[in-house]
2 protein chains.
Amino acid sequence: MLEFAILGLLQESPMHGYELRKELTAKLGAIRAAISYGSLYPTLRRLQAAGWITEAAETPATAEEVPALTSRRGRVVYKITAEGKERFAQLIAQAGPETYDDTGFGVHFAFFARTDQATRLRILEGRRRKIEERREGLRDVLGRAAERLDAYTLELQRHGLDACEREVRWLEELIANERSGRAPTVPNPGAAGGRREDNSPPPPGETRNERP
Amino acid sequence: MLEFAILGLLQESPMHGYELRKELTAKLGAIRAAISYGSLYPTLRRLQAAGWITEAAETPATAEEVPALTSRRGRVVYKITAEGKERFAQLIAQAGPETYDDTGFGVHFAFFARTDQATRLRILEGRRRKIEERREGLRDVLGRAAERLDAYTLELQRHGLDACEREVRWLEELIANERSGRAPTVPNPGAAGGRREDNSPPPPGETRNERP
DNA sequence: CGTGCGATGTATCGGTCCGATACATCGCGG
DNA sequence: CCGCGATGTATCGGACCGATACATCGCACG
């Protein structure tokens, strides 16, 4: 999961570890607390060993002649390689069952802008199926085994069931939206509605290697 | 976390591993998928080594004279010890910050029937604070950094923000409920509303070691 | 009658990720 | 001038997962 997220983020721009963590936290804030350095740094090492990222030189643009002053040692900047981009595309393509658990789905969803529509649809439907199963399990417990459980546990199940139903509805909207048309957000005029991304970094690509 | 849940469950009745996993899955179904045996068995070993649980004899009640037929080898039944109960009480008492993350809170909540009211309140408020912080973080991102993120990521944040707001409201109700009166469920006439648990296993205790 | 399959049941191994901890530098306010 | 919070890199032990292996039981189907 972390591997996927790092490769995804580094495609927008090269970064060093600390920065990476901040961006990761901002992008995935909705689904997980914060990436630990205890996972981040070893993973960076692993990705580098695999040849998917490389260390890049500091201060690439505006190469002024201010070299020796406060030499800025430390600050290892990482950059994704061509193999890394391939790896990322491959990880997107093989959306297995682990893609549908809470964390896995969230991370994949966060990079939907780099995922082709067919895969987006596949992931959304896989996730929906998984949540529907969880929902049925909770309904079973609340129905059949309700007497065996204390009131607090039942309340917890109810709250969980509610969250499941809500997520299924959310997914339904996203799926419908995805099928007809391409707008990412649900029809919600007012906030940041139909605006496309107007930022510079990558010419996104949107559809990657789709067959006609 | 697993340690806590196992000690909590074994207080209701002795069980073997497989059964334990099923009960765990039923009780915690709302918050996590299913406990892996890769965590369960090592943890059982650890708890046994610490003296908090022991192996118990098979078929304790209804000791018929059907011994040698299908000897039922395997099936290690575990039973909590007095030290184990102390340990559980101690784990409840020291509700630290890790008690407020998603999993930790859920597990603690599932055993609120064995937790005194003061601690219940403390945990609920700690959780609320944590969720409020997450909510503020998401609002910040959706407000200030919205242009930097693509529409899918924003949609994810919106969904997460919605879940936060909903959970805060849920916690508010539970806290209010906890403060005045003792009913575990929110005032919801209709389903399994005011019914107390009417089952046999443990004479619950409800308030454990509360000081007047 | 047998046989095969799904549920029950115990167990290990490698790998991912977390939480605590350590340490060093930079800029700024008191 | 000094301390403190933000920035920044790094390691270690431990918790938990997913895959895998293996053995038994009951029963349905041929």
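For sorting residues by class, Ala, Val, Leu, Ile, Met, Phe, Trp, Tyr, Cys and Pro count as nonpolar, Asp, Glu, Lys and Arg count as charged, and the others, Gly among them, count as polar. The exercises below concern a predicted model.

**Exercise 1.** Determine how many residues surround DNA strand D, how they divide by class, and which elements supply them.

*Solution.* Begin with the total: 22 residues surround DNA strand D, and the closest are A:His16, A:Gly17, A:Gly38, B:Met1 and B:Gly38. Next, sort the residues of this surface with the classes above, which gives 8 nonpolar, 9 polar and 5 charged. Then turn to the elements: helix 2 (17–28) and helix 3 (37–50) of chain A, together with helix 3 of chain B, each supply at least two residues of the surface near DNA strand D. Finally, look for the main contributor, which is helix 3 of chain B, giving the most to this surface with 4 residues.

**Exercise 2.** Describe how helix 2 and helix 3 of chain B are placed against each other, and name the residues that make their contact.

*Solution.* Two packed helices are described by the angle between their axes and by the distance between those axes. In chain B, the axes of helix 2 (residues 17–28) and helix 3 (residues 37–49) come within 11 Å and cross at roughly 115°. The crossing in which helix 2 of chain B passes helix 3 of chain B is right-handed. On the side of helix 2 of chain B the contact is made by B:Gly17, B:Leu20 and B:Arg21, while helix 3 of chain B brings B:Leu40, B:Tyr41 and B:Leu44. Sorted by class, this contact has 4 nonpolar, 1 polar and 1 charged residues.

**Exercise 3.** Set out the order of elements in chain A, and then find which of its helices touch chain B.

*Solution.* Chain A holds 7 helices and 3 strands, and from the N terminus on its elements run α-β-α-α-β-β-α-α-α-α. Of the 212 residues in chain A, buried residues make up 29%. The contact between the chains takes 36 residues from chain A and 37 residues from chain B. On the side of chain A that touches chain B, the elements giving two or more residues are helix 2, helix 5 (102–110), helix 6 (117–144) and helix 7 (151–179) of chain A. The largest share of that side, 11 residues, comes from helix 7 of chain A. As a last step, the classes on the side of chain A that touches chain B are 20 nonpolar, 9 polar and 7 charged residues.

Technical notes. Residues are numbered from 1 along each chain as its sequence is written. Chains are lettered from A and ligands numbered from 1 in the order in which they are written. This is a predicted model: local features need pLDDT of at least 70, side-chain atom pairs count only at pLDDT 80 or more; totals for chains, interfaces and linings use all residues. Axes are lines fitted to C-alpha atoms, for helices over the stretch in contact, and angles run from 0 to 180 degrees between N-to-C directions. A crossing is left-handed if the near helix is turned anticlockwise from the far one by less than a right angle, and right-handed if clockwise. Two residues are in contact if their C-beta atoms, placed from the backbone, lie within 7 Å. A residue is near a molecule or strand if its C-beta atom, placed from the backbone, lies within 6 Å of it. A residue is buried if 20 or more other C-beta atoms lie within 10 Å of its own, exposed if 12 or fewer, and partly exposed in between; C-beta atoms are placed from the backbone.
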